[in-house]
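Hi,

Here is the structure I promised to pass on. Have a look at it first, and then read my notes underneath.

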Amino acid sequence: MAQDAGMFTVPQTVGSVLCCKCGIPMAPNAANMCVACLRSEVDITEGLQKHVIISHCPECDCYLQPPRTWIKAQLESKELLTFCVKRLKNLNRVRLVNAEFIWTEPHSKRIKVKLKVQKEVLNGAILEQSYVVEYVQQDHMCDSCSRVQANPDQWVAAVQLRQHVTHRRTFFYLEQLILKHDAAARAIRITQMDQGIDFFFGNRSHAVKFVEFVGKVAPVRSRHDKQLVSHDPKSNNYNYKYTFSVEISPICREDLICLPPKVAVSLGNLGPLVICTKVTNSIALLDPFTLRHCFLDADQYWRSSFKSLLTSRQLVEYIVLDVEVVSSEVNVGGSKYVLADAQVARVSDFGKNDTIFSIRTHLGHLLNPGDYALGYDIYSANNNDMELDKYKGLVLPETILIKKSYEEKCLRKRGKPRSWKLKSLDMEVDDSKGRTDQEKMNKEYEEFLRDLEENPELRFNVSLYRNKDYQPSEMASVTDGEDVPSVPLDELLADLDLSDDGEGDDSMRE
C-alpha cells in the first residue's frame, strides 16, 4: 500500500547467525544450532519402543489387545494402525504428528509403521523426527478359533429353524434376509436339514440375538432347553449346551386359508375363505371377494393355529376370456386391488371340453382378456378340511385366482442367464439326498427367483447383485417381449470382491 502511494520502504530481511557447532549460516533459533547438529546432539526417540511383539490369530485375522480382548482388523487398515499405535509404551513423552504404514511382504509376519514425533529440546527449540517401529506377528489362535479347531462340533448354543411344509420357499427368502442384515455372522457352522436349517454358535448370547432377529421377520414360536456338559464343584462352575427350537408358521404367501369360525368372528366375520398376501412378523389376510383385510401377529396365530386349505404347489393355470370391473381401485396394505367379474377356463381343458367358470376376482387391475392367471381349482379339488366342514351351507366358489401368470412369456427366457444374482449362506448340505430331491430344490429356487422378478415388494428387503458374466443381446430384448417382468438395473448392487483369490464366506447363485 505504501508502494502505491509512492513512499520509500526499507525491505525487511531475515537475519542469520552461525551455528555454534559447525559454523554454517542459519536462521536463528533458541539452541543456536542447525538442524543437523541438533539431531546429532539430541535423539528425541531415545527410550521409545522400536520393536513390538503382537499376537495374531491366523484363522479370523484378529489381534490381541491385552489382557483378553481380540480386535478384528485388516492389513493397512485404520483399525490396525490405531491398534499398533496404542501398543507403544512411553509415547506420551513426545507429541505424535503422523503415522503411516510401510509396505512389507504379507507373509513376512512383519508390520512396519513410520511415526513422526515432535518434542521440545534445548532452550525451547522444537525438534521433529521420524522413526520406524517394527511389529512382529506371533500366531496365536483366539479362544473361539482354538475351540473350533480342537473340535468343530464343540458348539455352545444351537438354533433349529423348522417349518412343516413341503417346500423351501420360506427358507430361500429368510436366507436373503439373514445375509442382508448379517444376522448369522457369529455362527460357527450352518447345516441344511430336511425341513429347515440348523445354526450353531459359540456363545449363548449370539443364539439369543439370532432368535430375536428371526422373530422380527417371521411369525415364529420358540422354546429352549439346556443340557449339563460339565461341572466343577470346587469353583461352582457349570457348562451347558443350549438348544433353541424355533418353529415358523406353516402359512405362506399365496396360500388359500379357511379360517376357523372363532378366528373369523374375532376378525369381524372375515372370510371364511381368505388369501395370505404377505408374511412378515405378522400374517396379512385378504378376502378376495370383498377386499377386506386384516393382520394376524404371531401371538394371535399360535393361540388358535390353523393350516392352509390349498398351497402354492396346487396352483392351476387359467386363461382369461373376459373381464368386467365392478369397483374402483382400492389400496390394501400397500398393494392395489380392483374387484372384477371374469370368465376363465382351465388351460388343460383346451381341446377337451368347453367348461367356463364365471368368478369374482381381486385382480381386475392386472387381468385383460387373453392373459393367463394362476389360481386354485376348487371345482375339482377334493377338500378334506375340518374347519371347512364347520361352515354349514357355505357356497364355495369354483375358482379363486391368485396372481397373473407369465409362464408363456417366460418360456422363451428359460435357460438364459439373468442380469442379477443372489448370495447364499455357506451351508453344509447332506449329500445323501437323491437326484429327485436336488431337482425339486432347484425347481423351487427357480420359482423363488421368478417371484422376485414379478413382485417388487418381495425384493424390497433382498440384496440383488449385478451379474458380471451377463452379456445382453439385442435379439434377446426383441424376442423376450415387453410384458415379461424383470428387475430394473437401478435396484442392483455392485458385488465388492476384496479378496485376491475370490474366495469368501458366501457363495453366489444366479
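**Helix 2 and its sheet**

Let's start with what lies over the buried residues of helix 2: the cover includes strand 3 (51-57), strand 4 (62-65), strand 5 (69-72), strand 6 (95-102), strand 7 (110-120) and strand 8 (126-139). Helix 2 itself spans residues 78-86, and its buried residues are Leu80, Leu81, Phe83, Cys84 and Val85. Before you read too much into any of this, keep in mind that the model is predicted.

Those six strands make up an open sheet, with mixed pairing and the order 5-4-3-8-7-6. Strand 5 and strand 6 are at the edges and have a single partner strand each, so each of them has one side without a neighbour in the sheet. Going from one strand to the next, the twist averages 35 degrees. Helix 2 packs on this sheet and touches strand 3, strand 4, strand 5, strand 6, strand 7 and strand 8. Its direction makes about 125 degrees with that of strand 6.

If you want to look at one pairing in detail, try strand 6 with strand 7: they run antiparallel and are joined by seven bridges. Phe101 is a handy place to zoom in, since you will find Val113 of strand 7 opposite Phe101.

**A second sheet**

Further along there is another open sheet, this one of five strands in the order 17-16-15-14-18, with antiparallel pairing. Which strands stand at the edges here? They are strand 17 (293-297) and strand 18 (308-310); each has a single partner strand, so one side of each lacks a neighbour in the sheet. The twist in this sheet averages 45 degrees from one strand to the next.

Inside this sheet, strand 14 (residues 256-258) and strand 15 (residues 273-279) run antiparallel, with three bridges between them. Cys258 has Leu273 of strand 15 opposite.

**Two packed helices**

As a reminder, a pair of packed helices is described by the angle between their axes and the distance between the axes. For helix 4 (residues 169-181) and helix 10 (residues 435-454), the angle is about 60 degrees and the axes are 9 Å apart. Angles of 65 to 115 degrees would count as roughly perpendicular and those under 35 as roughly parallel, so helix 4 and helix 10 are oblique to each other. Their crossing is right-handed.

Which residues meet there? From helix 4 come Arg169, Phe172, Tyr173 and Gln176, and from helix 10 come Met441, Glu444, Tyr445, Phe448 and Asp451. Sorted by class, this contact of helix 4 with helix 10 has five nonpolar, three charged and one polar. The spacing along a helix is worth recalling here: with 3.6 residues a turn, residues three or four places apart point the same way in an α-helix.

**One loop residue**

Is Gly334 buried or exposed? Its relative accessibility is 56%, so Gly334 counts as exposed. You will find Gly334 in the loop between strand 20 (330-332) and strand 21 (335-337). Although 123 residues separate Gly334 from Glu457 in sequence, their C-alpha atoms are 9.2 Å apart in space.

**The whole chain**

Stepping back, the protein chain has eleven helices and 29 strands. Of its 510 residues, 40% are buried. Taking the contacts between residues at least 6 apart in sequence, 65% join residues at least 24 apart.

Cheers

Technical notes: Residues are numbered from 1 along each chain as its sequence is written. This is a predicted model: local features need pLDDT of at least 70, side-chain atom pairs count only at pLDDT 80 or more; totals for chains, interfaces and linings use all residues. Side-chain values use heavy atoms; hydrogens and water are left out. Buried means under 20% relative accessible area, exposed over 50%, partly exposed in between (1.4 Å probe, protein chains only). Helices (H or I, at least four residues) and strands (E, at least two) are DSSP runs, numbered from the N terminus. Contact means heavy atoms within 4.5 Å. Two strands pair if DSSP finds at least two bridges between them. Axes are lines fitted to C-alpha atoms, for helices over the stretch in contact, and angles run from 0 to 180 degrees between N-to-C directions. Angles under 35 degrees count as roughly parallel, over 145 as roughly antiparallel, 65 to 115 as roughly perpendicular and the rest as oblique. A crossing is left-handed if the near helix is turned anticlockwise from the far one by less than a right angle, and right-handed if clockwise. Ala, Val, Leu, Ile, Met, Phe, Trp, Tyr, Cys and Pro count as nonpolar, Asp, Glu, Lys and Arg as charged, and the others, Gly among them, as polar.
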